[in-house]
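User: I have a structure open and would like to go through its side chains with you. Can we start with the charged ones?

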Amino acid sequence: MRIVHATRDQLDELFAIESAGFPPSEGASRKALQSRLAVAPELFWLLYDGDVLVGFVDALAWDRRDLDDALYSDVTLHRKDGAWVMVLGVNTIARYRHKGCGSLLMGQVVADCKSQGRKGIVLTCKEALVPFYHGVGFQDEGISGSTHGGVVWHQMRVTF
């Protein structure tokens, strides 16, 4: 297993994984992923098992403490040196789920963001995933103000 950052030529593969992992109302569109890759390829962490892309995390950064739904569609809000990294998606292909891949990816995200001097990382997740993110160091801050995809989300945070 190895973790690398994304390049723009990986868009089709990333979109295929995103589409398989999220319903259309919650997942990023091809255009959204393309825009995120254009401004923040260093905030895409890709996990490979040999030549197989098994999962990825994508994020943007800014100086606000909380994740705002506007980040999902407006990459102009991204600040390369933003204090807070906002995780927009965590994806693992089905046959690699429940094998530690998400934990491995999130561990790298946390280590990288901490070494970059960020204040921390924020993400939103469904209630069923709160224990998973707690297990990789995030604290549940309760129900988020996010209405992304018409779903109830918990805001999770790790502060350095």
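User: Which residues are linked in a network of salt bridges?

Analyst: This is a predicted model, so everything here is computed from it. The network of salt bridges links D66, E141 and R157.

User: And how many salt bridges are there by the rule?

Analyst: The count comes to six salt bridges. One of them joins E26 and K126, with the closest N and O atoms 2.9 Å apart.

User: Where do E26 and K126 sit in the chain?

Analyst: E26 is in the loop between α1 and α2 (30–39). K126 is in the loop between β5 (120–125) and α4 (130–135). The two are 100 residues apart, and the pair links distant parts of the chain.

User: Is E26 buried or exposed? What about K126, does it count as buried or partly exposed?

Analyst: E26 is buried, with a relative accessible area of 10%. K126 counts as partly exposed, at 33% relative accessibility.

User: What does D58 pair with?

Analyst: D58 meets R36 in a salt bridge, 2.6 Å from N to O. D58 lies in strand β3 and R36 in helix α2, so this pair ties together parts that are 22 residues apart in sequence. Both of these residues, D58 and R36, are buried.

User: Which side chain meets E42 in a salt bridge?

Analyst: That is K80, at 3.6 Å from N to O. E42 lies in the loop between α2 and β2, and K80 in the loop between β3 and β4 (84–92), so the pair ties together parts that are 38 residues apart in sequence. E42 is partly exposed, with a relative accessible area of 23%. K80 is exposed, with a relative accessible area of 53%.

User: Now E18. Which side chain of opposite charge is nearest to it?

Analyst: R36 is the nearest side chain of opposite charge, 5.3 Å from E18. The cut-off for a salt bridge is 4 Å between a side-chain nitrogen and a carboxyl oxygen, and E18 has no salt bridge although it is buried.

User: Where is E18, and what does it touch?

Analyst: E18 is found in helix α1, residues 11–21. Leaving out residues up to four places away in sequence, E18 touches G27, A28, L33, F56, D58 and N91. D58 is the partner of R36 in the salt bridge we went over.

User: F56 is on that list. Changing topic to rings, how many aromatic pairs does the structure hold?

Analyst: The structure holds three aromatic pairs. F56 forms one of them with F44, and that pair is stacked, 6.3 Å centre to centre with 15° between the planes.

User: Which strands do F44 and F56 lie in?

Analyst: F44 lies in strand β2 (residues 44–49) and F56 in strand β3 (residues 52–62), so the pair ties together parts that are twelve residues apart in sequence. F44 and F56 are both buried.

User: How are the rings of Y133 and F138 placed?

Analyst: Their centres are 6.1 Å apart and their planes are at 75°, so the pair is edge-to-face. Y133 counts as buried at 6% relative accessibility. F138 is buried too, with a relative accessible area of 0%. Ring pairs link F132, Y133 and F138 into a cluster.

User: Which charged residues lie over rings?

Analyst: K99 lies over the face of Y96, at 6.0 Å from the ring centre. The charged end of R157 sits over the ring of W84, 4.7 Å from its centre. R157 is also in the salt bridge network with D66 and E141.

User: Last topic, cysteines. What does the disulfide count come to?

Analyst: The count comes to zero disulfides.

User: Why is there no bond between C101 and C125?

Analyst: C125 holds the closest cysteine sulfur to that of C101, but the two sulfurs are 19 Å apart, which is too far for a bond. C125 is in no disulfide either, as its nearest cysteine sulfur, that of C113, is 17 Å away. C125 is buried, with a relative accessible area of 2%.

User: Where is C101 found, and what is around it?

Analyst: C101 is found in helix α3, residues 101–115, and is buried with a relative accessible area of 3%. Leaving out residues up to four places away in sequence, C101 touches M1, L47, V54, T92 and Y96. The C-alpha atoms of C101 and D49 are separated by 9.8 Å, with the residues 52 apart along the chain.

How values were computed. Residues are numbered from 1 along each chain as its sequence is written. This is a predicted model: local features need pLDDT of at least 70, side-chain atom pairs count only at pLDDT 80 or more; totals for chains, interfaces and linings use all residues. Side-chain values use heavy atoms; hydrogens and water are left out. Rings of Phe, Tyr and Trp (its six-membered ring) pair if their centres lie within 6.5 Å; planes under 30 degrees apart count as stacked, over 60 as edge-to-face and the rest as tilted. Helices (H or I, at least four residues) and strands (E, at least two) are DSSP runs, numbered from the N terminus. Buried means under 20% relative accessible area, exposed over 50%, partly exposed in between (1.4 Å probe, protein chains only). A charge sits over a ring if NZ of Lys or CZ of Arg is within 6 Å of the ring centre and within 35 degrees of the ring normal. A disulfide is a pair of cysteine sulfur atoms within 2.5 Å. Lys and Arg count as positive and Asp and Glu as negative; His and the chain ends are not counted. Contact means heavy atoms within 4.5 Å.
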